[in-house]
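Colleague: I have a new model open and would love some help reading it. Could we go through it together, one step at a time?

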Amino acid sequence: MGARMTIGGEGHEVPCGATICDAARSLGLAPDAFVFIVGGSPVPMDAPISDGMLIMAVRVASGG
């Protein structure tokens, strides 16, 4: 089945067994600029990706 990461409404296949951080980097993202949500809850960037996982990457806004 695989796993998917959604960024801005666009879905991407990501490898099982990798961490969320590694998958984000492979997609050209700066992981620190996102919060990753799985099943409605935030998860750490070092969480391993499992088969069937649906990950939503939400950009973190900051300003001063």
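Colleague: Which residue in S5 is the bridge partner of Phe-36?

Modeller: Happy to help, and please keep in mind that this is a predicted model. Start with the two strands: S3 covers residues 34-38 and S5 covers residues 54-59. They pair in the antiparallel sense over 5 bridges. Looking across from Phe-36 into S5, the bridge partner you find is Ala-57.

Colleague: In what order do the strands of the open sheet lie?

Modeller: Let us build the order from the pairs. S1 pairs with S2, S3 pairs with S5, and bridges also join S3 to S4. The open sheet has 5 strands with mixed pairing, and the order is S2-S1-S5-S3-S4.

Colleague: Which strands stand at the edges?

Modeller: An edge strand here has a single partner strand, so one side of it is left without a neighbour in the sheet. That is the case for residues 10-14 and for residues 41-43. These edge strands are S2 and S4.

Colleague: What is the average twist from one strand to the next?

Modeller: Picture stepping across the sheet in the order S2-S1-S5-S3-S4. With each step the strand direction turns, and the average twist is 35 degrees.

Colleague: Which residue in S2 is the bridge partner of Arg-4?

Modeller: Strand S1 spans residues 3-7, and Arg-4 lies in that range. S1 and S2 run antiparallel to each other, with 5 bridges between them. Across from Arg-4, the partner in S2 is Glu-13.

Colleague: Which residue in the turn between S3 and S4 has a positive phi?

Modeller: S3 and S4 run antiparallel and are joined by 3 bridges, with Ile-37 standing opposite Pro-42. The two strands form a hairpin with 2 residues between them. In that turn, a positive phi of about 60 degrees belongs to Gly-39.

Colleague: In what sequence do the elements of the protein chain run from the N terminus on?

Modeller: The secondary structure comes to 1 helix and 5 strands. Reading from the N terminus on, the elements run β-β-α-β-β-β.

Colleague: What radius of gyration does the protein chain have, and why does it agree with a compact globule?

Modeller: The chain has 64 residues, and a compact globule with that many would have a radius of gyration near 11 Å. The value for the protein chain agrees with this because it is 11 Å.

Colleague: What share of the residues count as buried?

Modeller: A residue counts as buried when its relative accessible area is under 20%. Of the 64 residues of the protein chain, the buried share is 28%.

Methods:
Residues numbered from 1 in each chain as written. Predicted model: local features only at pLDDT ≥ 70, side-chain atom pairs only at ≥ 80, totals over all residues. Heavy atoms only, no water. Pairing = 2+ DSSP bridges. Helix = DSSP H or I, 4+ residues; strand = E, 2+ residues; numbered from the N terminus. Axes fitted to C-alpha atoms, helices over the stretch in contact; angles between N-to-C directions. Rg over C-alpha atoms; globule rule 2.2 N^0.38 Å. Buried < 20%, exposed > 50% of the residue type's maximum accessible area, 1.4 Å probe, protein only.
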